[in-house]
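This report describes selected parts of one protein chain. Look at the structure first, then read the sections in order.

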Amino acid sequence: MEKAKTIWMNGELVPWDEAKVHILTHTLHYGLGVFEGIRCYKCADGRSGIFRLRDHIDRLFQSALIAQIEIPFSKEEIEEACKDILRVNDLKEAYIRPLVFIGEGVMGVHPHDNPVRVAIIAWKWGAYLGEEALKNGTRAKTSSYIRHHPNAMMTKAKICGNYVNSVLAKREVTRLGYDEAILLDSEGYVAEASGENIFLVKNGIIKTTPPTTILPGITRDTVIRLAKDRGYTVIEERFTRDELYIADEVFLTGTAAEVTPVREIDDRPIGNGKPGKITKELQELYFKTVKGELPEYTHWITYLLNL
Ligand code: PPE
């Protein structure tokens with residue numbers, strides 16, 4: 001990982017190597033913290049633009065509300081800090097990771113009044129599943145781990161501890177030689193991938209899982225909008241793993257993964273085993289959107305000055 005110069009920690013800029021926490025940090029022991037993942041792209045006109053910044057910050061605060069963590073900064077302050085961290089590190093294109101965690105103090109599952117801390121880190125992050133996957137599609141496998149039941153872990157919040165489930169699933173399938181894990185919900189329906197939402201295309205109709213046991217992805221929302229604006233029918237409905245096997249196309253969406261085609265699931269080729277037509281169209285539209293090439297969607301971009 002390429003280090004940047006500084007990290008924003010609780011309102012201050014700290015050199016990368018000095019951005020440390022105490023070993024009694026509550027979140028480190030028990031996993032209750034929340035985070036976001038945001039991308040900034042170098043846009044067509046040369047300016048840098050953060051994609052859907054306000055929506056990500058809104059979700060950060062929603063995650064905190066669900067997790068009952070009070071963020072000691074306003075949304076505006078966090079937004080400004082996201083912009084600052086790019087500016088001071090001279091990053092024109094980057095992934096931004098705001099992290100809200102419960103600091104040192106008492107141990108035990110009840111954090112009492114341990115301080116809430118906020119860090120914002122930015123670094124260069126290329127294609128999440130690799131350039132090859134973006135172009136030719138990824139190979140996925142259904143994991144033996146299921147996605148959380150919302151009465152155990154609430155998936156609408158991007159809670160640190162929720163990701164134990166993702167790590168286990170991802171490790172399981174990558175050890176078997178696959179690239180990405182698909183997780184079913186507790187009733188056996190498809191939920192999402194370890195760090196992405198999932199879509200299928202059948203006979204020209206686009207389907208994705210409803211926002212029940214998934215993280216309601218901002219990329220998912222973007223792709224639904226783009227598809228609907230192009231006249232496609234998009235259905236949010238539960239489906240089973242075998243519906244994926246017989247789909248014409250399958251793709252994953254996420255800030256990190258962007259729009260990644262899936263060419264194989266559980267050793268079955270999807271369609272002809274190559275990225276599908278609609279997937280490619282939506283992927284292209286997505287990249288044009290985040291790079292500010294489509295005027296109708298530039299309201300989603302926060303352009304940075306002085307870069
Ligand atoms: N589901 C999960 C479980 C998930 O982690 C992500 C994002 C999504 C869906 C898509 O959400 P959105 O980014 O708003 O479209 N995963 C983030 C973290 C990946 C990581 O390995 O870290 C991301 O893409 O930033």
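## A hairpin and a crossover

In strand E12, Lys202 has Ile205 as its bridge partner. E11 (residues 197-202) and E12 (residues 205-208) pair in the antiparallel sense over four bridges; two strands pair if DSSP finds at least two bridges between them. Together E11 and E12 form a hairpin with two residues between them, and Asn203 in the turn has a positive phi of about 50°. Helices (H or I, at least four residues) and strands (E, at least two) are DSSP runs, numbered from the N terminus.

E12 is also joined to strand E13 (residues 234-236) by three bridges, and these two strands run parallel. Between E12 and E13 the chain passes through helix H6 (residues 218-229), a right-handed β-α-β crossover. Right-handed means that, with the strands pointing away from the viewer, the path from the first strand over the helix to the second runs clockwise. Within this parallel pair, Ile206 stands opposite Val234 of E13.

## About the model

The model is predicted: local features need pLDDT of at least 70 and side-chain atom pairs count only at pLDDT 80 or more, while totals for chains, interfaces and linings use all residues. Residues are numbered from 1 along each chain as its sequence is written, and side-chain values use heavy atoms, with hydrogens and water left out.

## Helix H5 and strand E8

Helix H5 (residues 163-175) has 13 residues and reaches 18 Å from its first C-alpha to its last, close to the 18 Å expected at 1.5 Å a residue. The expected span is 1.5 Å times one less than the number of residues. Which residues of H5 are buried? They are Asn165, Ser166, Ala169 and Val173. These buried residues cover an arc of only 95° around the axis, so they lie on the same side of H5; the arc is that of the directions from the helix axis to the C-beta atoms. Buried means under 20% relative accessible area, exposed over 50%, and partly exposed in between (1.4 Å probe, protein chains only).

The face turned away from the buried side of H5 carries the exposed residues Val164 and Arg175. The cover over the buried residues of H5 includes E8 and strand E9 (180-184). Thr142 lies in E8 (residues 138-142) and is buried, with a relative accessible area of 7%. Leaving aside neighbours within four places in sequence, Thr142 is in contact (heavy atoms within 4.5 Å) with residues including Ile182, Leu184 and Tyr245.

## Nonpolar cores

A nonpolar core is a set of buried Ala, Val, Leu, Ile, Met, Phe, Trp, Tyr and Cys residues joined through side-chain atoms within 4.5 Å. The largest one has 41 residues, and Cys82 is one of those that touch the most other members. Elements that give two or more residues to this core include helix H2 (53-67), helix H3 (75-88) and strand E6 (94-102). Apart from it lies another core, of 23 residues, among them Tyr41, Phe199, Tyr232 and Leu282.

## Two further residues

Thr253 lies in strand E14 (residues 249-254) and is buried, with a relative accessible area of 1%. Not counting neighbours within four places in sequence, the contacts of Thr253 include Phe199, Thr219 and Val223.

Glu237 is in the loop between E13 and helix H7 (241-245). At 37% relative accessibility, Glu237 counts as partly exposed. Glu237 touches Lys207, Thr208, Thr209 and Pro210, not counting residues up to four places away in sequence.
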